[in-house]
Amino acid sequence: MHFSGIAHPPPGQVGYAHVANVAMDAEMASVALGDAHDDVGTPLHVEHDVSKLVGRVHSSWRDTDGALRVVGCVSDAKVASRVRSGDLPGLSLGTSVALTRSGHVRSKEHHELSLCAVPRRPRCYITHVDHRPARWNVRHDAARSSDESS
């Protein structure tokens, strides 16, 4: 199953100031996921369970609004079914952070992408499944917003 979507919202966009893990412009400029070959690319997992590879991200780019967009393929049939059903509509970057001895961030590396039920970052959803628009974005964003306000 092929998919495309938003792996990271536009940096610094109004309304996202409350989200602590929204990357800054300079950080986003260095993010690159995937590779053009079908047998390689950034690993794709479910809910950051790195013990099971379910697919690959083949390419990423910054859109005109600054969002990090991705395309990839889910190779696990059961997981593909969960994505199609709307059970796993979200995308989440797996990020490793290196700290200095004083606790400041030295570097961040995005080493995997995960399919997830509810993404931590706003607007990080699969937008297309097998080249057709996905329709679950608003429903899950609304549920996420009501959970945060509780």
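**A walk through the fold**

Follow the protein chain along its sequence and you meet the pattern β-α-β-β-β-α-β-β-β-β-α. That makes three helices and eight strands. Keep in mind as you look around that this is a predicted model.

Let's begin with the chain as a whole. The protein chain has 150 residues, and 43% of them count as buried. Its exposed surface comes to about 8,400 Å², with carbon and sulfur atoms supplying 52% of that area. How do the parts of the sequence meet one another? Among contacts in the protein chain with a separation of 6 or more, 58% are between residues 24 or more positions apart.

Now let's visit two loops where the backbone does something worth a second look. Most residues other than glycine have a negative phi. His-48 is not a glycine, and yet its phi is positive, at about 65 degrees. You will find His-48 in the loop between β2 (42-46) and β3 (55-62). Is His-48 buried or exposed? The answer lies in between: its relative accessibility is 34%, so His-48 counts as partly exposed.

Further along the sequence, Asp-130 gives you another example. Asp-130 also is not a glycine and has a positive phi, here about 50 degrees. Its loop runs between β7 (126-129) and β8 (132-133). With a relative accessible area of 28%, Asp-130 is partly exposed.

The next stop is Asp-76, which sits in the loop between β4 (68-74) and α2 (77-85). Buried here means under 20% relative accessible area. Asp-76 has a value of 16%, and therefore it is buried. What does the side chain of Asp-76 reach? At 3.0 Å, it reaches the backbone nitrogen of Lys-78, and this is a good pair to find in the 3D view. Leaving aside residues up to four places away in sequence, Asp-76 also touches Lys-52 and Val-54.

Finally, let's move to the surface. Which residues form a nonpolar patch there? They are Val-97, Leu-99 and Val-105, and together they have about 250 Å² of accessible area. Take a moment with Val-97, which belongs to strand β5 (residues 90-99). Its relative accessible area is 45%, so Val-97 is partly exposed.

Conventions
Residues numbered from 1 in each chain as written. Predicted model: local features only at pLDDT ≥ 70, side-chain atom pairs only at ≥ 80, totals over all residues. Heavy atoms only, no water. Helix = DSSP H or I, 4+ residues; strand = E, 2+ residues; numbered from the N terminus. Buried < 20%, exposed > 50% of the residue type's maximum accessible area, 1.4 Å probe, protein only. Contact = heavy atoms within 4.5 Å. Areas by Shrake-Rupley, 256 points an atom, 1.4 Å probe, with all protein chains shown as cover. Polar contact = N/O pair within 3.5 Å; in protein donor to acceptor, adjacent residues only side chain to side chain. Patch = residues over 30% accessible without salt bridge, like charges linked within 9 Å, V, L, I, M, F, W, Y side chains within 5 Å. Salt bridge = Lys/Arg side-chain N within 4 Å of Asp/Glu carboxyl O.
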